[in-house]
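Visitor: I'm new to this one. Could you show me how to read a few of its features?

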Amino acid sequence: MSIDSVVIVGAGHAGVELAHSLRKEKFEGRVVLISAEAVYPYQRPPLSKDFLKGGGDNPLLLKAEALYEKMGIELKLGRTVAGIDRDARTVTLDDGEVIAYDRLALATGARNRRPPVPGLEDPAVLELRDLADSRRLLERLEGLSRVAIVGAGFIGLEIAAFLAEKGKSVEVVELASRVMARAVSEPVSDYFLSYHRGLGTEIHLETGVTAIAHEADGVRVELSDGHALQADAVLLAAGVVPNVELAEAAGLAVADGIVIDDRLRTSDPAIFSLGDCASFPCAYLDGRQIRLESVQNANDQARLIARQVMGGDEAYAALPWFWSYQGEARLQIAGLGIGYDSTVLRGDPAEDKFSVFLYRDGRLVSVESVNAPGDHMASRKLIEKGIEVTPEAAADPATELKKLIV
């Protein structure tokens with residue numbers, strides 16, 4: 001059957017890129033983009049970086065406002081989808097409007113994980129997931145002197161660095177034994193732990209938050225080790241959970257995300273999913289199902305779906321890469337280090353410029369670079385092309401990585 005209409009639920013990086021990629025691929029049918037937020041779609045990463053540092057200037061829009069109309073994209077702001085009728089191929093919006101689709105794409109994203117801790121509803125508890133959260137933090141910034149951050153992942157540490165640079169007293173509570181434990185190797189964790197402590201931030205590892213209690217002069221954050229922190233505010237940065245409820249209610253397969261195949265199709269071939277909410281078979285992990293939270297993954301999946309709509313039959317095999325800017329420290333990651341069994345250090349952490357090469361069964365699978373953008377760019381190509389880089393070559397600073405690319 002011909003495809004005359006595509007409806008996209010979610011207007012983050014994935015949803016917006018898909019809508020525009022459809023037009024770039026010369027799709028001439030109806031494109032409807034549904035956003036739960038009432039503002040034009042904006043870039044998410046700057047919310048914990050440049051947007052905060054800029055003092056809340058206008059967020060960087062993903063696309064110019066006029067471009068949606070120019071490209072014939074129906075952008076429905078401040079609207080949510082109440083349900084999907086897979087038999088009729090329609091979605092019903094919160095105000096009762098029914099929209100038909102030939103293909104549906106679920107780019108519903110993720111939301112902050114809220115651990116079962118008493119007191120999380122206290123107004124002193126802040127989050128950072130969307131534009132409103134970022135503006136709320138900026139509005140309160142001047143009146144804050146002590147901030148407790150729950151979680152030492154990318155977001156938690158990015159905010160910690162920002163607050164420390166603003167002269168705030170910052171304490172970070174992390175349940176794992178090292179910072180960014182899910183994302184990076186031990187040498188990189190060790191470097192960033194030292195880096196943040198050098199900024200004056202106190203980090204409590206292998207420690208959980210058991211309760212948050214409101215007091216006259218702020219909040220009391222009770223810890224699993226029996227100690228307590230006094231703070232003016234608490235920032236919750238304990239990871240995210242995918243928004244799968246809409247898909248689950250429609251009877252689609254769900255398991256730590258909306259389950260999709262290597263063509264990014266759900267268990268219903270008329271429905272795609274992409275971005276932070278989607279669990280896909282990763283070509284770099286022998287087909288293991290994973291879910292990634294990155295702009296690269298969102299954009300690459302969007303472009304592939306656009307090609308699928310136009311008749312393509314391409315498997316998703318884009319190389320994952322990530323970044324995190326924490327104060328003056330720039331972390332860039334190429335590939336996935338999941339299951340790595342050995343590491344090789346290139347450069348010297350004491351000089352604030354180095355890379356860690358991660359190997360699995362003798363094969364290079366990931367490179368984590370700190371203030372070494374040249375290493376990062378070369379490594380992306382090397383891993384993508386499957387070019388062998390011996391541990392000896394990786395460790396030798398005289399090795400010009402870009403010359404290994406053929």
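Guide: Happy to. A charge counts as sitting over a ring if NZ of Lys or CZ of Arg is within 6 Å of the ring centre and within 35 degrees of the ring normal. Keep in mind that this is a predicted model.

Visitor: Which residue lies over the face of Y325?

Guide: That's R330, at 4.5 Å from the ring centre of Y325. There's another case to look up: the charged end of R380 sits over the ring of W321, 3.9 Å from its centre.

Visitor: What about rings that meet other rings? How many aromatic pairs are there?

Guide: Two rings pair if their centres lie within 6.5 Å, and planes over 60 degrees apart make the pair edge-to-face. By that rule the count is 7 aromatic pairs. Take Y191 and F192: their ring centres are 5.3 Å apart and their planes meet at 85°, so this pair is edge-to-face.

Visitor: And which kind of pair do F192 and Y195 form?

Guide: Edge-to-face again, with 6.3 Å from centre to centre and 70° between the planes. F192 and Y195 are 3 residues apart in helix α6 (residues 186-198), which means about one helical turn separates them. Zoom out a little and you'll find that Y191, F192, Y195 and F354 form one aromatic cluster.

Visitor: Are Y191, F192 and Y195 buried or exposed?

Guide: Buried means under 20% relative accessible area. Y191 is at 8%, so it is buried. F192 is buried too, at 0%, and Y195, at 17%, also counts as buried.

Visitor: Let's try a residue in a loop. Where is T266 found?

Guide: Look in the loop between β18 (258-259) and β19 (271-273). Despite being in a loop, T266 counts as buried, at 8% relative accessibility.

Visitor: Which residues is T266 in contact with, leaving aside its neighbours within four places in sequence?

Guide: T266 touches L252, I258, V259, I260, I271, F272 and S273. Several names there can be matched to the strands on either side of the loop: β18 covers 258-259 and β19 covers 271-273.

Visitor: What does the side chain of T266 reach?

Guide: The backbone oxygen of D268, at 3.0 Å. For a wider view, compare sequence with space: T266 and I8 are 258 residues apart along the chain, and their C-alpha atoms are 14 Å apart.

Technical notes:
Residues are numbered from 1 along each chain as its sequence is written. This is a predicted model: local features need pLDDT of at least 70, side-chain atom pairs count only at pLDDT 80 or more; totals for chains, interfaces and linings use all residues. Side-chain values use heavy atoms; hydrogens and water are left out. Rings of Phe, Tyr and Trp (its six-membered ring) pair if their centres lie within 6.5 Å; planes under 30 degrees apart count as stacked, over 60 as edge-to-face and the rest as tilted. Buried means under 20% relative accessible area, exposed over 50%, partly exposed in between (1.4 Å probe, protein chains only). Helices (H or I, at least four residues) and strands (E, at least two) are DSSP runs, numbered from the N terminus. Contact means heavy atoms within 4.5 Å. A polar contact is a pair of N or O atoms within 3.5 Å; within protein, one must be able to donate a hydrogen and the other to accept it, and residues adjacent in sequence count only if both atoms are side-chain atoms.
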